[in-house]
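Colleague: I am new to this structure and would love a close look at a single part of it. Please choose one and show me, step by step, how it fits in with everything else.

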Amino acid sequence: MKTFIVNEYKELKDSDVYDLRTETCKDCIGCWTCWLKTPGRCVHHDLDAYYQSLLQADTVLFYLRPSHDFVSGRVKTLFDRMIVLGLPFIRYDSGESMHLMRYRKNPSVIVRYLDEFSDAQSRSLFVEYLQRVFYIIGNCIFKHQSVNISL
């Protein structure tokens, strides 16, 4: 069983970690090359190894630190760039429009986040956003857990 870790707040010594504290992820430029010209491949090649590790994993473990009751800017940029995992085709499912998935094998996703929200509604919106983001990976098993630690 292979686990890939995306880290925003923990000290980890694992070799298969994408560390948001030190890695730089370029912004999506909205060119749609990843859908139209080079399907599944972004014009920026800074996340090539990230995509490969994510798709080869059985489980992806995210350690996230909310910022102002939402995901941080680095995490939002990373999630925006995950659009390459979907196809440019839409289906109507569960009362909303969703992209078709590009790949058949999808990892389980576990998100552990620091419980630093101003109120319960903010936490609920954070979790709902994560559920929608991970739909792009393709009906993956999504689990989340708040963590209280002092850093």
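Modeller: Happy to! One term will help us from the start: two residues are in contact when heavy atoms of theirs lie within 4.5 Å. Please also keep in mind that this is a predicted model.

Let me set the scene before we zoom in. The protein chain has 5 helices and 7 strands, and along the sequence they follow the pattern β-β-α-α-β-α-β-β-β-α-α-β. For a chain of 151 residues, a compact globule would have a radius of gyration near 15 Å, and the value of 15 Å found here agrees with that. The C-alpha trace spans about 45 × 40 × 30 Å along its principal axes. Of the 151 residues, 43% count as buried. If we take contacts between residues at least 6 apart in sequence, 68% of them join residues at least 24 apart.

The part I would like to show you is helix α3, which covers residues 73-80. Its buried residues are Val75, Thr77, Leu78 and Phe79. The elements that cover them include β1, β2, α2, β3 and α4. To see how that works, we can follow two neighbours, Leu78 and Phe79.

Let's start with Leu78. Its relative accessible area is 0%, so it counts as buried, the limit being under 20%. Setting aside its neighbours within four places in sequence, Leu78 is in contact with Val6, Tyr18, Leu20, Cys25, Leu47, Tyr50 and Phe62. You can match some of these partners to the covering elements: β1 runs over residues 3-7, which takes in Val6, while β2 runs over 17-19, which takes in Tyr18. Leu47 is a good example of a partner from elsewhere in the chain, being 31 residues from Leu78 in sequence but 8.8 Å away in space, C-alpha to C-alpha.

Now move one place along to Phe79. Not counting residues up to four places away in sequence, Phe79 touches Phe62, Leu64, Val71, Tyr129, Leu130, Val133 and Phe134. Phe62 appears in the contacts of Leu78 as well. Here is a general idea to keep at hand: in soluble globular proteins, nonpolar side chains tend to be buried together. In this model the largest nonpolar core has 35 residues, and Tyr50, Phe62 and Phe79 are the ones that touch the most other members. Two or more residues of this core come from each of β1, α1 (33-36), α2 (48-56), β3 (59-64), α3, β6 (108-114) and α4 (120-133). The largest share, 5 residues, comes from α4. There is also a second, separate core of 5 residues, among them Ile5, Leu61, Tyr63 and Leu114.

One partner of Leu78 deserves a short detour: Cys25. Cys25 counts as buried at 15% relative accessibility. The closest cysteine sulfur to that of Cys25 belongs to Cys42 and is 8.5 Å away, which is too far for a bond. Cys28 is in no disulfide either, with the nearest cysteine sulfur, that of Cys34, 6.5 Å away. Unlike Cys25, Cys28 counts as partly exposed, at 44% relative accessibility. A search of the whole structure finds 0 disulfides.

Next, step back along the chain to the loop that comes before α3. His68 lies in this loop, between β3 and α3, and so does Asp69. His68 has a phi near 55 degrees, a positive value in a residue other than glycine. For Asp69, phi is near 65 degrees, again positive in a residue other than glycine. Their surroundings are not alike, though: His68 is exposed, with a relative accessible area of 78%, whereas Asp69 counts as partly exposed at 22%.

Last, let's visit the loop between β1 and β2, two of the elements that cover α3. Asp16 lies in that loop and counts as buried at 17% relative accessibility. A polar contact of 3.4 Å joins its side chain to that of Ser53. Beyond its neighbours within four places in sequence, Asp16 is in contact with Lys2, Thr3, Phe4, Ile5 and Ser53.

To draw it together: α3 has four buried residues, Val75, Thr77, Leu78 and Phe79, and its cover includes strands β1, β2 and β3 along with helices α2 and α4.

Key:
Residues are numbered from 1 along each chain as its sequence is written. This is a predicted model: local features need pLDDT of at least 70, side-chain atom pairs count only at pLDDT 80 or more; totals for chains, interfaces and linings use all residues. Side-chain values use heavy atoms; hydrogens and water are left out. Buried means under 20% relative accessible area, exposed over 50%, partly exposed in between (1.4 Å probe, protein chains only). A nonpolar core is a set of buried Ala, Val, Leu, Ile, Met, Phe, Trp, Tyr and Cys residues joined through side-chain atoms within 4.5 Å. A disulfide is a pair of cysteine sulfur atoms within 2.5 Å. A polar contact is a pair of N or O atoms within 3.5 Å; within protein, one must be able to donate a hydrogen and the other to accept it, and residues adjacent in sequence count only if both atoms are side-chain atoms. The radius of gyration is taken over C-alpha atoms; the globule rule is 2.2 Å times the number of residues to the power 0.38.
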